[in-house]
Amino acid sequence: MDSALLLITEQVRAAAAAGTALRIRGGGSKDFYGEPAVGELLDTRPLSGITSYEPSELVVTVRAGTPLAELEAVLAERGQCLPFEPPHFEGGATVGGMVAAGLSGPARASVGAVRDYVLGVTLLNGRAELLTFGGQVMKNVAGYDVSRLMCGAMGTLGLITEVSLKVLPLAPAEATLKFQMSQAEALTQLNRWGGQPLPLNASCWVDDGGTPTLYLRLRGAVAAVEAACKSLGGERQDNAVTAPDWNLCRNQQLPWFLTRGARNLWRLSVPQTAPVLDLPEAPLVEWHGGLRWVRAMPDDASRLRSAAAAVGGSATLFIADDAHIERVGGRFDTLKPPLDRIHRQLKKEFDPAGVFNRGRLYPAI
């Protein structure tokens with residue numbers, strides 16, 4: 001055990017003995033996300049560095065405090081990437097925070113989520129025990145898939161110290177097509193295209209300066225992308241222009257996101273086949289219909305939660321003033337009793353003293 005990990009282990013052990021809380025933080029890029037964090041700061045950034053990288057095996061093992069930008073730069077040098085396009089937000093994002101938050105970018109609907117690329121993790125539990133789950137191969141079939149359980153847990157189950165990830169080669173070709181169409185037309189087309197052998201990678205429908213517009217990104221083999229451009233039509237965009245825009249979309253920094261004024265930003269996760277929802281205003285739609293971003297006032301919270309639940313989805317208060325959180329009933333949908341029981345039992349097993357990120361995921365857990 002190196003000195004950085006030893007110091008962190010002692011910090012966890014002391015907190016467990018004293019019954020005090022620790023607030024896990026890497027680069028702080030996701031401080032806004034989830035319920036308010038409490039407790040003494042536990043800084044993961046000393047746990048930095050790529051410990052193993054096998055480009056031919058498409059596997060990389062990274063310590064949790066490693067800057068996400070650093071990892072992506074190393075992968076890019078070998079023509080590889082994290083296909084799920086994890087957001088960076090204001091910068092400083094770390095690999096551990098990427099896994100703990102479980103957030104994915106525009107390509108998520110086509111290539112999978114963060115959890116689909118996690119092969120194994122090493123973590124410190126609430127007893128200051130160093131545990132390893134999974135491995136460095138894509139076929140880990142023995143026991144429970146605990147490593148992926150850490151994706152989206154917001155650090156409430158333990159401190160991720162190291163993670164092994166599957167990576168993929170960069171796509172040989174890319175193109176973005178632009179279509180002028182209503183939200184209903186876009187949803188219909190996206191579902192129709194989704195049933196065809198097309199190299200769909202990402203989509204974004206937005207009211208662009210008063211014009212309802214669908215942007216469709218294609219990625220794959222050169223022949224497949226070129227054939228799709230010819231068959232789909234639309235207006236082909238310059239990749240040099242659209243690439244920065246897709247990055248802004250990934251980080252929720254497009255003008256649409258930045259002009260919300262006093263409104264909160266909600267993230268509605270719904271089936272891709274869900275129709276146009278009854279919302280306070282037209283959303284920004286990603287993931288081929290599966291993700292609806294909504295700008296809304298605090299009094300619209302129950303309407304948004306009801307609209308998402310009616311189609312089998314969920315609503316998350318993604319960005320809001322702290323003063324609004326209590327008015328809307330928390331950031332995440334209330335868990336149903338069976339799921340609530342599972343969450344509490346997992347927390348009790350991994351972190352019996354409640355050391356890590358108390359209330360970060362749900363106020364009472």
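This text walks through the strands, one buried histidine, and the pockets and cavities of the structure above. The model is a predicted one.

Start with the open sheet. It is built from 8 strands, in the order 13-10-12-11-15-16-14-17. The pairing is antiparallel. Strand 13 (235–236) sits at one edge and strand 17 (314–319) at the other. Each of these two edge strands pairs on one side only. In general, strands of a sheet pair through backbone hydrogen bonds, in either a parallel or an antiparallel way.

Within that order, look at strands 15 and 16. Strand 15 covers residues 284–286, and strand 16 covers residues 291–296. They are antiparallel and share 3 bridges. One pair to locate is V285 and its bridge partner R292, which lies in strand 16.

The loop between strand 15 and strand 16 holds H288. Is H288 buried or exposed? Its relative accessibility is 7%, and the cut-off for buried is under 20%, so H288 counts as buried. The side chain of H288 makes two polar contacts worth displaying. One is with the side chain of S110, at 3.0 Å. Another is with the side chain of S203, at 2.8 Å. Beyond its neighbours within four places in sequence, H288 is in contact with A109, S110, L190, L200, N201, A202, S203 and Q272.

Now turn to strand 6. This strand spans residues 118–124 and runs antiparallel to strand 7 (residues 130–134), with 5 bridges between them. The two form a hairpin with 5 residues between the strands. In the turn, A128 has a positive phi of about 65 degrees. L124 in this arrangement has L130 of strand 7 as its bridge partner.

Strand 6 also pairs with strand 8 (residues 159–166). That pairing is antiparallel too, over 6 bridges. V121 is a useful residue to follow here. Its bridge partner in strand 8 is V163. In strand 7, V121 stands opposite F133. How many residues of strand 6 are buried? The count is 7 of the 7, so strand 6 is largely enclosed by the rest of the structure.

Next come the open spaces. The largest pocket has about 1,200 Å³ of space. Its lining comprises 39 residues, and those closest to the centre are C151, G152, S314, H343 and Y362. Four elements give two or more residues to this lining: helix 5 (146–149), strand 14 (264–269), strand 17 and helix 12 (337–350). Strand 17 is thus an edge strand of the open sheet and a contributor to this pocket. Which element supplies the largest share of the lining? Helix 12 does, with 5 residues. By class, the lining of the largest pocket has 21 nonpolar, 11 polar and 7 charged residues.

The second largest pocket has a volume of about 570 Å³. It is lined by 26 residues. C81, L82, E85, L170 and R219 are the ones closest to its centre. Elements that each give two or more residues to the lining include helix 2 (68–77), strand 5 (80–81), helix 4 (108–111) and strand 9 (168–169). Strand 11 (200–208), strand 12 (211–220) and helix 8 (239–250) are also among them. Helix 8 gives the largest share, 4 residues. The lining of the second largest pocket divides into 15 nonpolar, 5 polar and 6 charged residues.

The closed spaces come last. There are 2 cavities of 30 Å³ or more. The largest cavity holds about 80 Å³ of space. Among its 15 lining residues, S104, R250, Q252, R267 and W293 are closest to the centre. Helix 8 and strand 16 each supply at least two residues of this lining. Helix 8 therefore appears in the lining of the second largest pocket as well as in that of the largest cavity. The largest cavity is lined by 9 nonpolar, 3 polar and 3 charged residues.

The second largest cavity has a volume of about 30 Å³. Which residues line the second largest cavity? They are A100, M150, A153, G155, T156, L157, G158 and I160. This lining has 5 nonpolar and 3 polar residues, with no charged ones.

Conventions. Residues numbered from 1 in each chain as written. Predicted model: local features only at pLDDT ≥ 70, side-chain atom pairs only at ≥ 80, totals over all residues. Heavy atoms only, no water. Pairing = 2+ DSSP bridges. 1 Å grid on protein atoms, 1.4 Å probe; cavity = no way out; pocket = protein on both sides within 12 Å on 5 of 7 lines; lining within 4 Å. Points joined across faces, edges and corners; volume = space filled by probe spheres on them. Nonpolar A, V, L, I, M, F, W, Y, C, P; charged D, E, K, R; others polar. Buried < 20%, exposed > 50% of the residue type's maximum accessible area, 1.4 Å probe, protein only. Polar contact = N/O pair within 3.5 Å; in protein donor to acceptor, adjacent residues only side chain to side chain. Contact = heavy atoms within 4.5 Å.
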